Amino acid sequence: MQERSSVAELANSLRVELNRYSPGGKLPSSRELVERHRVSPVTVSRALAQLSAEGLVVTRPGAGSFRAPARPGAARAGDTSWQEVALSADAATEPVPRAVDSSAVLATLAVPPPGVIEFSGGYLHASLQPEQAMAAALARAGRRPGAWSRPPIDGLPELRAWFARDLGDTWTAADVLVTAGGQSALTTALRALAPPGAPVLVESPTYPGMLAIARAAGLRPVPVPVDRDGVRPELLAAAFRATGSRLFVCQPLFQNPTGAVLSPARRPEVLRIARDAGAFVVEDDFVRRLAHEDAGPLPAPLAADDHDGVVVHVCSLTKATSPSLRVGVLAARGPVLERLRAIHVVDCFFVPRPLQEAALELVGSPAWNRHLRFIARELRTRREALTTALLQELPELALPHVPSGGYHLWPRLPDGTDEQALASAALRAGVAVTPGRPYFCAEPPAGHLRLGYAAVAGVREIADGVRRLRTACDEVLS
């Protein structure tokens, strides 16, 4: 982290200094920059490379670095108004409009302004990521024979076998496709399993990124309510009968956003209901590796109980490692696997081999299990800190369920609260939170916030964030 900030600071200083040079003028040597700015040669090299990528500097081997030639003036702005007609011309004949609101997805990916506490994040804070282990794995992967050659289309057999072991003894590498993360896997699954205009049953509330995928594919999300024991089977059966849907998407373990775990009694019911409807169940097992220290034994994936090819299983390494380690899988059995493979190949050919090799090196190292134990302990500590702070500082926010896995809480707001007004007030107070409305594909029964605790620096920042949220609540709820 220190090296990154030094590179950014030096690059900023050099951008200012460039104004003293004419186009083509030679910059000080790397040795002079090291001495003048008191940084390492590596920092100088990376800062110059950054300016070169921005087109501000030209580096010539053996000659040095020079200010880049002046850029030509900006071209005349074109008239793109014709696109409004082109993009909407077929809207009247589309069963479901393909215009997608990506704001909820972008909110989880956006980096808040400096000084704002990030309760809105969906990834591990840098201090929780296995950066050293990933760097070592990537270095080892780069030295593997054939590391930069084309991988098998379905993914490295050893990596597929590693994922298959989580699904039970009857699953093998032949049932698994490696994908570029969970989002890519979900996109492939929904496109493969339902035609445009078809209804797709989803948990309510559910992950906005999946709703965006469904709408982008022209599907019609139909909500099925969830309680603390997961999706309600009687309502799932009724939704299949009412809609004729052939697809249900769910998160049976630490569901996003409620944290619900599908109960042992409901698991066979969900599979039976889907099988009787001739439907597939897409199981998004997104946070199995983010179980907390006090979670106890975890239920097996739904796929482990499926013998008839009902379940299409999705999982990834991303949530437990880094947003940039985008390695996930699709697992399925029967003819559907060929359809999934065909769409996956057409969309992206294959996942880059160096990334797969690095993932294999990481999960095969002693550091992997140490990392999982570390985040299990840290996430429990952060969850308890946030829960305690909310109960003390914001008792008007109801917490009906505190999950022992995942990375967020789902407090219910007092009736009549304007979620968006509260989120805006929170941002003014210096804390970013996520309104609950985008998690519902129909009218929500109540207002909620999703408060994440994995993207913050630690328990002190959690306490500070809740105090700031108290300030926002005083402004909006009074």
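## Charges over rings

In this predicted model, Arg333 parks its charged end over the ring of Trp171, 3.9 Å from the ring centre. Lys319 does something along those lines with Tyr123: its charged end sits over that ring, 4.4 Å from the centre.

## Aromatic pairs and a cluster

Now for rings meeting rings. Counting pairs with centres within 6.5 Å, you get four aromatic pairs. One of them is Trp162 with Phe163, an edge-to-face pair with 5.0 Å from centre to centre and 80° between the planes. It is called edge-to-face because the planes are over 60 degrees apart.

Are these two residues buried or exposed? Trp162 is buried, with a relative accessible area of 16%, and Phe163 is buried too, at 2%. Both get that label because buried means under 20% relative accessible area. Ring pairs also bring in Trp368, linking Trp162, Phe163 and Trp368 into a cluster.

## A pair that bridges two loops

Trp410 and Phe440 make another aromatic pair, this one tilted, with the centres 6.3 Å apart and 35° between the planes. Where do the two partners lie? Trp410 is in the loop between β12 (408-409) and α15 (419-429), while Phe440 is in the loop between β14 (434-435) and β15 (449-452), so the pair ties together parts that are 30 residues apart in sequence.

Despite being in loops, both rings belong to buried residues: Trp410 has 9% relative accessibility, and Phe440 has 6%.

How values were computed:
Residues numbered from 1 in each chain as written. Predicted model: local features only at pLDDT ≥ 70, side-chain atom pairs only at ≥ 80, totals over all residues. Heavy atoms only, no water. Phe/Tyr/Trp six-rings, centres within 6.5 Å; stacked < 30°, edge-to-face > 60°. Buried < 20%, exposed > 50% of the residue type's maximum accessible area, 1.4 Å probe, protein only. Helix = DSSP H or I, 4+ residues; strand = E, 2+ residues; numbered from the N terminus. Lys NZ or Arg CZ within 6 Å of the ring centre and 35° of its normal.
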